[in-house]
Every structure is written in structure tokens, then in C-alpha cells.
Amino acid sequence: MTQSRTNAFAILLTACLISGCGTFKPYAQNPFNPEARIKPTPTTASAGGGGKSLASRTTNLGLAAASRPIPGALPHGAGVGIAAAALLLGGPSRPSIVPDNDNYLIIAMPLTYAKDEDDAQLKMSALMEKAIIQALPPTYQTKIVEYDDHYAFGRVSRPRWIRVDGPLCENWSCQISGPIPTQSAGQWEGEIVKARNSGREIYWYTNIFREKIRFVKITKEYDKNEKHFVEGQEIPDFDYPGFYQRISAKLPEWVGFRITKKGEKPYSLTQGGKYELVIK
């Protein structure tokens with residue numbers, strides 16, 4: 001194992017031990033949320049996306065192995081250690097709700113870009129929110145949604161997501177959620193830590209395979225026990241690959257976008273450029 005792979009494995013192991021490798025998102029009950037407690041539909045039940053099945057974790061490993069080196073980002077091969085760690089730490093294969101158009105984000109933000117981890121999280125959030133909104137076709141409208149959810153012992157969390165109106169999303173019936181927190185809302189999304197790779201420090205996401213862009217048609221929305229719940233499913237006729245590519249085109253070169261579409265080979269996006277999985 002190379003030094004970069006060793007570093008990547010150690011970083012991910014530490015992150016998983018600290019964070020539990022994920023945060024339950026009660027307001028995002030949809031196929032893009034690995035912790036969702038909804039019944040899978042026939043189209044998503046057998047998808048090959050980024051859920052917790054052994055097959056999907058193996059796909060992540062293949063994606064990392066094939067990723068093109070990104071200037072100023074993670075060195076080629078470091079992602080193999082990351083994905084291998086996720087595969088080993090994932091435990092036994094078990095059924096999971098996974099999307100047909102799965103994705104996850106990997107960043108290698110230079111330390112000069114932010115003053116600390118909190119600042120990096122907010123700056124990455126601003127980049128991501130702007131890219132998502134600009135990547136939607138002009139026939140769509142968006143608005144930010146925030147509200148307080150109340151939990152035991154007086155705890156309050158404030159989710160933050162984008163409500164969408166337009167074709168396939170009539171009457172504001174779609175939701176986009178992802179790593180777009182602010183100082184006062186959705187702070188568990190897009191958490192960032194410092195990491196060391198190949199002798200240099202970078203900022204990257206704490207929960208590597210949890211940071212996704214989740215675009216769904218809302219199927220049910222309700223309040224219960226002082227909490228707001230949103231349930232949704234993928235939009236059958238929406239061009240997810242094109243949407244992801246437009247998002248990627250608006251992000252820096254140190255942001256990698258891994259895409260897994262049901263029935264197709266996984267690939268990686270960097271600044272809108274598509275890099276296929278190459279098997280030798």
C-alpha cells in the first residue's frame with residue numbers, strides 16, 4: 001500500500017469513528033438518503049447506486065481507481081484507499097434504498113481557500129448552492145426553505161434545502177437537498193475537516209460518501225411531533241446526468257463528482273468533463 005493510500009485509509013477511518021460515517025436526515029426520506037426509512041419503489045429497489053450494498057461499495061472502489069488526477073486535488077490512487085476503507089468499514093451487505101441516478105462529491109479544497117474548517121464549510125456551501133441553482137434549466141424557479149425541527153431535551157435543528165417549481169415540478173413540488181449549510185441552518189451537511197495527502201494538507205468532507213445532490217419529486221410532506229418531514233422519489237423523465245454535468249462545470253477543479261447511473265458504467269466529472277471508468 002502506498003503512502004497516499006495509507007493516509008487516505010487512516011483519514012477515512014478516523015472520520016468514520018468520529019462521525020459514524022453518516023448523519024440521519026429525517027427531512028430527506030428519498031432514495032438518495034442511505035438512512036431513509038421508506039419503501040423502495042420497483043425502479044429504485046434494484047438500482048446500482050451508492051447505497052450500502054456490497055455491489056455499490058465495490059462500484060465506489062472502481063470509480064476511485066479510474067478517476068483522473070485533478071491538478072491541486074487528490075493524487076491519483078489516493079481514492080482507491082478511500083473507497084477500499086469504505087468497503088471494509090461498511091460491514092455485511094444488506095438491502096438498502098438506492099437511487100437510479102446516484103452521486104457523491106469529493107473535495108480537496110486548498111488550505112489557502114479558507115481560514116478554518118467552519119469557514120471552508122460555508123464557502124463550499126456557497127459554491128455548491130450557486131452551482132445547483134444555475135445548473136437548472138431557465139424554466140425552473142427556486143427558493144430556499146428553512147424551518148426549526150424540535151427534538152427531546154430542548155434540542156432544535158434547522159434543515160435547509162431548495163424547493164423547485166417548473167416542468168416536472170409543478171406547484172413547487174420538488175426538493176433539492178445537499179451540502180448547502182449556513183451558520184444557522186443545516187450545519188450537519190457538508191461537514192469539513194483537514195486531511196493530509198501526499199505530504200500536503202487539504203480541506204475535505206468528513207463523510208465522504210454521504211455528500212450528495214438529492215433531487216426528488218415530493219410525494220408526501222407533513223408535520224409530526226414538531227418536526228417537518230418530506231418524502232420523495234426520483235423524477236423519471238428528468239435529465240439527471242445533464243444536471244450533474246452542469247453542476248460540475250460550475251465548480252473548481254478540486255471538486256470531483258462521482259456518478260453512478262443504473263444500467264451504465266460509473267464515471268467521474270471534473271469541471272464538467274466526463275471521465276469514464278477504464279478497466280485494464
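Colleague: What percentage of the 280 residues of the chain count as buried?

Modeller: Buried means under 20% relative accessible area, exposed over 50% and partly exposed in between, using a 1.4 Å probe and protein chains only. In this chain, 53% of the 280 residues count as buried. Please keep in mind that this is a predicted model, where local features need pLDDT of at least 70, side-chain atom pairs count only at pLDDT 80 or more, and totals for chains, interfaces and linings use all residues. Residues are numbered from 1 along each chain as its sequence is written, and side-chain values use heavy atoms, with hydrogens and water left out.

Colleague: How many helices and strands are there in the chain?

Modeller: Helices (H or I, at least four residues) and strands (E, at least two) are DSSP runs, numbered from the N terminus. Here the chain has six helices and 14 strands.

Colleague: Which contacts does the 68% describe?

Modeller: A contact means heavy atoms within 4.5 Å. Among contacts in the chain with a separation of 6 or more, 68% are between residues 24 or more positions apart.

Colleague: Let's take one strand. How many of the seven residues of β12 are buried?

Modeller: Six of them are, so strand β12, residues 255-261, is mostly covered. As a general idea, side chains in a regular strand alternate between the two faces of the sheet.

Colleague: Which strand pairs with β12 over seven bridges?

Modeller: Two strands pair if DSSP finds at least two bridges between them. Strand β1 (residues 101-107) and β12 do so in the antiparallel sense, over seven bridges. To find your way along that pair, start at D102, whose bridge partner in β12 is T260.

Colleague: And what joins β12 to β13?

Modeller: Three bridges join β12 to strand β13 (residues 267-270), and the two run antiparallel. F257 stands opposite L269 of β13. The hairpin of β12 and β13 has five residues between the strands, and G263 there takes a positive phi near 85°.

Colleague: Where is L168, which has a positive phi although it is not a glycine?

Modeller: L168, with a phi of about 75°, lies in the loop between β6 (160-166) and β7 (169-177). At 30% relative accessibility, L168 counts as partly exposed.

Colleague: Is E226 buried or exposed?

Modeller: E226 is exposed, with a relative accessible area of 59%. This residue is found in the loop between β10 (214-224) and β11 (227-233). E226 is not a glycine, yet has a positive phi of about 65°.
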